[in-house]
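The exercises below are meant to be worked through with the sequence and the 3D view side by side. Please try each task before reading its solution.

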Amino acid sequence: NSEIMRNVDRIEHLVRTLLSYAGDPTERQASADMGDVLREAWRRFEPELRAHGKQPSLDLAADLGQVAADPVVLAQVFNSLLANAVEATRPGDSVALSAQRRGAQLRVELSDSGAGIAPAQLQNIFKPFFTTKPRGMGLGLPLARRIVLRLGGQIQIDSRAGRGTVVRL
């Protein structure tokens, strides 16, 4: 029964992701408090990190301000990135989320000391349906990139196999 529910949840997630990928995430006019968005995403993943013996670290500036974006859409970006960090790390590895604002610019950085990404795979990570995960869909990073670019931002991923990954937005 729980296996059925887990698969139903997975299918629902897939459908939502596909619909989001097909649509324009900037269509709706909305505003999101970045501190709230990041803290909520962190709250969702921190217990799992701790439960698996990983070292989570959160460092958010006091007032990150508002961003002209739907908070649900932004949450999808950070949930996807944090889910990747959870999967790429082992007990003892660190996962750190930090953010600060400089004038009109907001910089968010998610780093981990996990498995990293091989150079051959790094060039494909933003291609839809490319995945190295046995149960992955290959839509998390392409969708995150699309959302960030449509909002006028940039996303950069630096990674080395066995050394970890840093995602900068």
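**Exercise 1. In which strand is L110 found, and what surrounds this residue?**

Before starting, note that this is a predicted model, in which local features need pLDDT of at least 70 and side-chain atom pairs count only at pLDDT 80 or more, whereas totals for chains, interfaces and linings use all residues. Residues are numbered from 1 along each chain as its sequence is written, and side-chain values use heavy atoms, with hydrogens and water left out.

Step 1. L110 is found in strand β5; helices (H or I, at least four residues) and strands (E, at least two) are DSSP runs, numbered from the N terminus.

Step 2. The relative accessible area of L110 is 6%, so this residue is buried, a word that stands for under 20% relative accessible area, with exposed meaning over 50% and partly exposed in between (1.4 Å probe, protein chains only).

Step 3. Not counting residues up to four places away in sequence, L110 touches L81, L82, A85, V95, A96, L97, T165, V166 and V167, where contact means heavy atoms within 4.5 Å.

Step 4. F78 is 32 residues away from L110 along the chain, and the C-alpha atoms of the two are separated by 9.1 Å.

**Exercise 2. Compare the expected span of α3 with the distance between its end C-alpha atoms, and list its buried residues.**

Step 1. The expected span of a helix is 1.5 Å times one less than its number of residues. The 18 residues of α3 should therefore span 26 Å, and this agrees with its end C-alpha atoms, which are 26 Å apart.

Step 2. At the start of α3, the backbone nitrogen of V72 has a side-chain oxygen of D70 within 2.7 Å.

Step 3. The buried residues of α3 include V73, L74, V77, F78 and N79, and S80, L81, L82, A85 and V86 are buried in this helix as well.

**Exercise 3. Describe the polar contacts of the S159 side chain and the surroundings of S159.**

Step 1. S159 is found in strand β6, which covers residues 156-160, and this residue counts as buried because its relative accessibility is 13%.

Step 2. The side chain of S159 makes a polar contact with the side chain of T165 at 2.8 Å. A polar contact is a pair of N or O atoms within 3.5 Å; within protein, one must be able to donate a hydrogen and the other to accept it, and residues adjacent in sequence count only if both atoms are side-chain atoms.

Step 3. A polar atom of the S159 side chain also lies 2.7 Å from the backbone nitrogen of I117.

Step 4. Once neighbours within four places in sequence are left aside, S159 is in contact with G116, I117, L122, G164 and T165.

**Exercise 4. Is A32 buried or exposed, and which residues does A32 touch?**

Step 1. A32 is found in strand β1, residues 32-33, and counts as buried, at 1% relative accessibility.

Step 2. Not counting residues up to four places away in sequence, A32 touches V37, G65, Q66, V67, A69, P71 and L74.

Step 3. D70 is 38 residues from A32 along the chain, yet their C-alpha atoms are separated by 6.1 Å.

**Exercise 5. Set out the buried residues of helix α5, and then place R145.**

Step 1. In α5, which runs over residues 140-150, the buried residues are L141, P142, L143, A144, I147 and V148.

Step 2. R145 lies in α5 too, but this residue is partly exposed, with a relative accessible area of 36%.

Step 3. Beyond four places in sequence, R145 touches F126 and I155; R145 and F126 are 19 residues apart in sequence and 7.1 Å apart in space, C-alpha to C-alpha.

Step 4. The helix is followed by G152, whose phi is positive, near 85°.

**Exercise 6. How many helices and strands are there in the chain, and in what pattern do they follow one another?**

Step 1. The chain has five helices and seven strands, and along the sequence they follow the pattern α-β-α-β-β-α-β-β-α-α-β-β.

Step 2. Of the 169 residues in the chain, 34% are buried.

Step 3. Among contacts with a separation of 6 or more, 71% are between residues 24 or more positions apart.
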